[in-house]
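Me: I would like to learn how to read a model like this one, feature by feature. Can you take me through it?

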Amino acid sequence: MDDTTQRRRMPRSERRAQLLAVARELIREAGTDEFTLGRLAERAGVTKPVVYDHFGDRAGALAELYRAFEEQQRSTLIAALADTDPDLDGVCRAVAGAYIDCSLAEGRELADVVSALDGSATLAEVRREAEAAYLALCDEALASCGARLDGAGAQALVGAGDSLSRAALDGRISATSARAVLTRVLQALTDPTTTRPEAS
């Protein structure tokens, strides 16, 4: 049995994981503008119908890539929280460190996929849903320390995290600086002396 036959008989879950890994390679090499399901099929050594069966269309593949990124980010955060001091400063360091570390580990392709998501209403909704799940974990961790992160604060965290991650990826700042600054941002957002009750 040749290698092509073995790959064609790959279990569906393994095939999906393989296609996502290959999609990441393509985006890392040439960005999302050059990403098509035809190129994905060719690089993965499968027919186009196989790829379309898994993702439907190009937007579906990008959405699945982002969901995979977010799942990894949540896993990284959970692991960081399990290995940190259960006080507010410790949680802030864990949240900030996990955000930066995961973004750097995912690399430039994550930033390219995020940009592509922002260009489509459907994909933007996928991003909002995934972010909401991540921010819920952050909120739960902060709540255990008696802190809270309101809607504006959550958006500030994501905006600062994305900006600092891009700067670290580009080599404009160090990963250590990115973690430290995002930690301070989160500490300021959750400091009870800097928050005020919402007007009734």
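Reply: We go from the overall fold to salt bridges, then to a buried charge and the largest pocket. Keep in mind that this is a predicted model.

Me: Start with the fold. How many helices and strands are there in the protein chain?

Reply: The protein chain has 10 helices and 0 strands. Read along the sequence, the pattern is α-α-α-α-α-α-α-α-α-α. The C-alpha trace spans about 65 × 35 × 30 Å along its principal axes.

Me: What percentage of the residues of the protein chain count as buried?

Reply: Of the 200 residues, 40% count as buried. The cut-off for buried is under 20% relative accessible area, and for exposed over 50%.

Me: Show me how that works on single residues. Is Leu19 buried or exposed?

Reply: Leu19 is buried, because its relative accessible area is 0%. Leu19 belongs to helix H2, residues 12-30. Its C-alpha atom is 9.7 Å from that of Phe55, and the two residues are 36 apart along the chain.

Me: And Gly151, buried or exposed?

Reply: Gly151 is exposed, since its relative accessible area is 52%. Gly151 lies in helix H9. The C-alpha atoms of Gly151 and Leu135 are separated by 9.7 Å, with their positions 16 residues apart along the chain.

Me: Now salt bridges. What is the general idea?

Reply: Side chains of opposite charge can pair when their charged atoms come close. Here the cut-off is a side-chain nitrogen of Lys or Arg within 4 Å of a carboxyl oxygen of Asp or Glu. By this rule the structure has 12 salt bridges.

Me: Which residue forms a salt bridge with Arg24?

Reply: Arg24 pairs with Glu106, and their closest N and O atoms are 2.9 Å apart. Arg24 is in helix H2 and Glu106 in helix H6, so the pair ties together parts that are 82 residues apart in sequence.

Me: How accessible are the two partners?

Reply: Arg24 is partly exposed, at 23% relative accessible area. Glu106 counts as buried, at 7%.

Me: Take another pair. Which residue forms a salt bridge with Glu25?

Reply: Glu25 forms a salt bridge with Arg43, the closest N and O atoms being 3.6 Å apart. Glu25 sits in helix H2 and Arg43 in helix H3, residues 37-44, so this pair ties together parts 18 residues apart in sequence. Glu25 is partly exposed, with a relative accessible area of 32%. Arg43 is also partly exposed, at 37%.

Me: Which residues are linked in a network of salt bridges?

Reply: Arg16, Glu64 and Arg67 are linked in such a network.

Me: What about a charged residue that is buried and has no salt bridge?

Reply: Look at Glu70, in helix H5. Glu70 is buried yet has no salt bridge. The nearest side chain of opposite charge is that of Arg74, 4.5 Å away. The salt-bridge cut-off is 4 Å, so that pair does not count.

Me: With which side chain does the side chain of Glu70 make a polar contact?

Reply: With the side chain of Tyr66, at 2.8 Å.

Me: Now the largest pocket. How much space lies in it?

Reply: About 290 Å³. The lining has 24 residues, and the closest to the pocket centre are Ser103, Leu110, Val114, Arg127 and Asp162.

Me: Which helix gives the largest share of the lining?

Reply: H7 does, with 6 residues. Helices that each supply at least two lining residues are H5 (58-82), H6 (88-106), H7 (108-118), H8 (121-143) and H9 (151-169).

Me: How does the lining divide by class?

Reply: The lining has 11 nonpolar, 5 polar and 8 charged residues.

Me: You listed Arg127 and Asp162 by the pocket centre. How do their side chains meet?

Reply: They meet in a salt bridge, 2.5 Å from N to O. The pair links distant parts of the chain: Asp162 is in helix H9 and Arg127 in helix H8, 35 residues apart. Asp162 counts as buried, at 18% relative accessibility. Arg127 counts as buried too, at 12%.

Technical notes
Residues are numbered from 1 along each chain as its sequence is written. This is a predicted model: local features need pLDDT of at least 70, side-chain atom pairs count only at pLDDT 80 or more; totals for chains, interfaces and linings use all residues. Side-chain values use heavy atoms; hydrogens and water are left out. On a 1 Å grid over the protein atoms alone, a cavity is a set of points where a 1.4 Å probe fits but cannot get out, and a pocket is an open set with protein on both sides within 12 Å along at least five of seven lines; lining residues have an atom within 4 Å of a point. Grid points are joined across faces, edges and corners, and a volume is the space filled by probe spheres set on the points. Helices (H or I, at least four residues) and strands (E, at least two) are DSSP runs, numbered from the N terminus. Ala, Val, Leu, Ile, Met, Phe, Trp, Tyr, Cys and Pro count as nonpolar, Asp, Glu, Lys and Arg as charged, and the others, Gly among them, as polar. Buried means under 20% relative accessible area, exposed over 50%, partly exposed in between (1.4 Å probe, protein chains only). Lys and Arg count as positive and Asp and Glu as negative; His and the chain ends are not counted. A polar contact is a pair of N or O atoms within 3.5 Å; within protein, one must be able to donate a hydrogen and the other to accept it, and residues adjacent in sequence count only if both atoms are side-chain atoms.
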